[in-house]
Amino acid sequence: MYYGFDMGGTKTELAVFDADLNQLWQKRVPTPKDDYQALLQVFIDLTNEADQRFNTKGQVGVGIPGIVNAKEGTVFTTNVPAAKYKPLVADLAHCLHRTVKIDNDANCFALSEAWAPEFRQYPTVLGLILGTGVGGGFVVNGKVISGKNGIAGEIGHLNLTSAADKVLTDAVPQIVCGCGKMGCFEGYLAGPGFERIYRSFYQKPLTAVQIIEDYYAGDASAKVHVERYLTVLSIYLGNILTLFDPHLLVIGGGLSQFDEIYRLLPEYLPQYLYGIATLPAIEKARYGDAGGARGAACLNLVD
């Protein structure tokens, strides 16, 4: 059995999967984000409950909203302060009496999608999250590539290019990103950035949902805004795809539900690709919010 934990700032979920990745059981409990011992106890209790329910000792994977220091086994997470800089990898292995694999939740998202039945044909998969932030993960032959520092999927923190800056003009001021740097693409391509670009040009504080509704209703401002956003997204992806050259690009997060992205990217994106490069397959994520726990379980599929 494969156990996948999705540790969030509000809830911690355990999902149990069989060898074919069929989900057999799932349970969510509040995350004690300010008490480390209580946090460890959540993992102990859920794991013991699953072991007893299925009469087995499942393999454990954990997705966290943060970065794993593979060298030291510590984690950096702001959503769960109790775990910040703690040796969570070793502590969980000790408490659960088994090896535990931990990775960033965006990497788990990408891994979950790479193991989707219809996507297993692709040897390389790049997961892109366009949600409250921009993140991602890169999977090669079913295994996440986390990098030396565990930040290989932090693709939202590439700096705005001159080409994208020309599209946005001075109407959209650069802002300091949550990472501390100025002008990361995340500030423009995430859901709040989508709204901020619109507000900067039209002085209307609309939500992403309202803007998209206006777009489908034929509103001229919303149409121009979507074209502008897709141009910036295409410039960004032109760089990302040059770096990773994946066979499949799979998109998740709230903005992934905007179907025009999949219709228009094949039109906008090719001009920003490198040389003889052609588009990868571009697909909407199959598992959505359920992908975190599923991806964490998939951490144990490949050594």
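**Note on the cores, the sheet and helix H3**

1. Leu128 touches Phe109, Val134, Gly135, Gly136, Ile155, Tyr236, Leu237, Leu249, Val250, Ile251 and Gly252, leaving aside residues up to four places away in sequence, where contact means heavy atoms within 4.5 Å. This is a predicted model, in which local features need pLDDT of at least 70 and side-chain atom pairs count only at pLDDT 80 or more, while totals for chains, interfaces and linings use all residues. Residues are numbered from 1 along each chain as its sequence is written, and side-chain values use heavy atoms, with hydrogens and water left out.

2. Leu128 is also among the residues with the most contacts inside the largest nonpolar core, which has 46 residues; such a core is a set of buried Ala, Val, Leu, Ile, Met, Phe, Trp, Tyr and Cys residues joined through side-chain atoms within 4.5 Å. Helix H8 gives the most to this core, with twelve residues, and a second, separate core of 28 residues includes Tyr3, Val16, Leu46 and Val75.

3. An open sheet of five strands follows the order E10-E9-E8-E11-E12 with mixed pairing, strands being DSSP runs of at least two residues (E) and helices runs of at least four (H or I), numbered from the N terminus; two strands pair if DSSP finds at least two bridges between them. Strands E10 (143–144) and E12 (281–284) stand at the edges with a single partner strand each, so one side of each lacks a neighbour in the sheet.

4. Nine of the ten residues of helix H3 (residues 105–114) are buried, so H3 is largely enclosed by the rest of the structure; buried means under 20% relative accessible area (1.4 Å probe, protein chains only).

Methods: Buried < 20%, exposed > 50% of the residue type's maximum accessible area, 1.4 Å probe, protein only.
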